[in-house]
Amino acid sequence: MGVTLVATWVSAGMAHAEPLRLRVGVPEGMPGYTIRDGQLLIDAEPKRQLYQCVEKALGARFIWEPLPARRVVQGVAEGPLDLAFPLGFNDERAARMLQSEPAWENPDVWVSIKAIDAQDKRLRLAARLGSPQHDDHHAMGYARVAGVFSYEELPRMLSQGMVDAVILPRSLYEDMRSSWPAGHRLLEGKPRSSGFYLPKPDPRQLAAPLNQAIRRCRAAPG
């Protein structure tokens, strides 16, 4: 699909009296993200502007469905969800779904109480169940990667000495800054991008207009 055709598709969608309705799964319980009256509220202004810009560019109305992360992935890969957002990118998810252009860069960070060697596969780690951080570090050979149901559990596990380090996206670490134990240490982890996922093989032909919208909105949100 060429750029001209994509632009026509987006413009036509915006001209319709009834916007395109898209069911969008969002992982529930993420700090900085709230569903209220059917709307996704994001604390970080740049991210809020970007997703609102994308929704507008698509001429769409996003119907938000908060679900556990694994059910979000299942809902996009197998139906009935049209999109997932925001999800960190990794190979396992990309094998099951179509990955959009990156909406933003969001590397992993390791939080610990004492100095650690991040290459030591014997470390006791924790990450949210269903997250790329949990799945990837299992696949990388770390023997003990505990899974938690909410990000809010990670600071408590660290404070109580239940793990040597916890791993999560940098943006969520920042959103939880007041929760971390005093004197904690921070290590930069795996580079990672975040964005949207779509079903394969794109039954609603959203990939091209979505990616165009992301590129435009990253350059000039609003």
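Two residues are in contact when heavy atoms of theirs lie within 4.5 Å of each other. This tour of a predicted model begins with one residue to which that definition applies.

**Stop 1: leucine 168 and the cores.** Select leucine 168. Leaving aside residues up to four places away in sequence, leucine 168 touches Pro107, Asp108, Val109, Val111, Gln133, Tyr151, Leu154, Tyr173, Met176 and Trp180. Next, colour the largest nonpolar core, which has 43 residues. Within this core, Val54, Phe62, Leu83, Phe85, Leu168 and Trp180 touch the most other members. A second core, separate from that one, has 10 residues, including Val72, Ala84, Phe89 and Tyr197.

**Stop 2: the open sheet.** Switch to a ribbon view and find the sheet of 5 strands, whose order is β10-β9-β11-β8-β12. The sheet is open and its pairing is mixed. The edges are held by β10 (144-148) and β12 (185-188); each has a single partner strand, so one side of each lacks a neighbour in the sheet. On average, and ignoring direction, neighbouring strands of this sheet are turned by 30 degrees against each other.

Now select residues 108-112, strand β8, together with residues 165-169, strand β11. These two strands pair in the antiparallel sense over 5 bridges. Which residue of β11 is the bridge partner of aspartate 108? The partner is proline 169.

Add helix α5, residues 132-139, which packs on the sheet. The helix touches β8, β9 (124-128), β10 and β11, and its direction makes about 160 degrees with that of β10.

**Stop 3: aromatic rings.** Show the side chains of Tyr51, Phe62, Trp64, Phe85, Trp104 and Phe196, which ring pairs link into a cluster. The structure as a whole holds 10 aromatic pairs. Then move to tyrosine 142: lysine 121 lies over the face of its ring, at 5.0 Å from the ring centre.

**Stop 4: the backbone in two loops.** Most residues other than glycine have a negative phi, and most peptide bonds are trans. The following places depart from that pattern.

Select glycine 79 and proline 80, which are joined by a cis peptide bond with omega of about 15 degrees. Proline 80 is in the loop between α3 (69-78) and β5 (83-88).

Continue to the loop between β13 (193-198) and α8 (207-219), where proline 201 is placed. The bond from lysine 200 to proline 201 is also a cis peptide bond, with omega near 5 degrees. Aspartate 202, in this loop, has a positive phi near 65 degrees. Is aspartate 202 buried or exposed? With 14% relative accessibility, aspartate 202 counts as buried, because the cut-off for buried is under 20%. Finish at glutamine 205, in the loop between β13 and α8, where phi is positive and near 55 degrees.

Definitions and conventions:
Residues numbered from 1 in each chain as written. Predicted model: local features only at pLDDT ≥ 70, side-chain atom pairs only at ≥ 80, totals over all residues. Heavy atoms only, no water. Pairing = 2+ DSSP bridges. Helix = DSSP H or I, 4+ residues; strand = E, 2+ residues; numbered from the N terminus. Axes fitted to C-alpha atoms, helices over the stretch in contact; angles between N-to-C directions. Phe/Tyr/Trp six-rings, centres within 6.5 Å; stacked < 30°, edge-to-face > 60°. Lys NZ or Arg CZ within 6 Å of the ring centre and 35° of its normal. Core = buried A, V, L, I, M, F, W, Y, C linked by side-chain atoms within 4.5 Å. Buried < 20%, exposed > 50% of the residue type's maximum accessible area, 1.4 Å probe, protein only.
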